[in-house]
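The following exercises concern one protein chain and its side chains. Please work through each task before reading its solution.

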Amino acid sequence: MTTADTTIVSRINPPELGTPPGYSQVVEVRASRLVFIAGQTALDAAGEIVGRGDIAAQAAQVFHNLEIALRAAGCTAADLVKLTVFLRDMTHLAAYREARNRFFATVTPPAAPAVTLVEVSRLYGPDFLIEIEAIAAGA
């Protein structure tokens, strides 16, 4: 995001840390506000789970919900500076990455937030396979 020719989000990948696939090692933020988004799961507007047992469908719904949350705060995916991703099974990593790449492919300017990804034994609902919480920076 930029305001008056001043970049407020800088993504930094020091060569000593290697080039990460689809995220940034360091994100520096100079912003007048931060937006914290609670963990998003695969629930639709009616509170029904989307894609029970289907990680690809759940990941797509989670990113859809994240887009709605960002829009409600006057932000876009380009404003994301940090994601924390919780997967029930690390074998779902490829499906998560596919959904993430589709989500960020439409973003201008390009975005690559800092990301932490962890495998967890449980999420708050027994049918949830993925949950993502986020932080965005705005002017």
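**Exercise 1. Determine what joins the side chains of Glu28 and Arg30, and classify the accessibility of each residue.**

Step 1. In this predicted model, Glu28 and Arg30 form a salt bridge, with an N to O distance of 3.5 Å. The term denotes a side-chain nitrogen of Lys or Arg within 4 Å of a carboxyl oxygen of Asp or Glu.

Step 2. Glu28 has a relative accessible area of 36% and is therefore partly exposed. Arg30, at 39%, is partly exposed as well. The classes are buried (under 20% relative accessible area), exposed (over 50%) and partly exposed (in between), with a 1.4 Å probe and protein chains only.

Step 3. Some conventions apply: because the model is predicted, local features need pLDDT of at least 70, and side-chain atom pairs count only at pLDDT 80 or more, whereas totals for chains, interfaces and linings use all residues. Residues are numbered from 1 along each chain as its sequence is written, and side-chain values use heavy atoms, with hydrogens and water left out.

**Exercise 2. Find how many salt bridges the whole structure holds, and describe the pairs of Asp127 and Glu67.**

Step 1. A search of the whole structure gives three salt bridges.

Step 2. Asp127 pairs with Arg52 at 2.9 Å, N to O. This pair links distant parts of the chain, 75 residues apart: Asp127 belongs to the loop between β7 (114-119) and β8, and Arg52 to the loop between β5 and α1. Helices (H or I, at least four residues) and strands (E, at least two) are DSSP runs, numbered from the N terminus. Asp127 is partly exposed at 32% relative accessibility, while Arg52 is exposed at 56%.

Step 3. Glu67 forms a salt bridge with Arg71, the closest N and O atoms being 4.0 Å apart. These residues are four apart in helix α1, so about one helical turn separates Glu67 from Arg71. Glu67 is partly exposed at 39%, and Arg71 is exposed at 52%.

**Exercise 3. Identify the residues with the most contacts inside the largest nonpolar core, and the elements that supply this core.**

Step 1. The largest nonpolar core has 31 residues, and Leu66, Leu70, Leu80 and Ile130 have the most contacts inside it. Such a core is a set of buried Ala, Val, Leu, Ile, Met, Phe, Trp, Tyr and Cys residues joined through side-chain atoms within 4.5 Å.

Step 2. At least two residues of this core come from each of β5 (33-40), α1 (55-72), β6 (80-87), α2 (93-105) and β8 (130-138). The largest share, six residues, is supplied by α1.

Step 3. Beyond its neighbours within four places in sequence, Ile130 is in contact (heavy atoms within 4.5 Å) with residues including Ile55, Val62, Val85, Tyr96 and Leu123.

Step 4. A second, separate core has six residues, among them Val9, Val27, Val81 and Ala114.

**Exercise 4. State the order of the elements and the overall dimensions of the chain.**

Step 1. The chain has two helices and eight strands. From the N terminus on, the order is β-β-β-β-β-α-β-α-β-β.

Step 2. Along the principal axes, the C-alpha atoms fill a box of roughly 45 × 35 × 25 Å.

Step 3. Buried residues account for 38% of the 139 residues. Among contacts between residues at least 6 apart in sequence, 73% join residues at least 24 apart.
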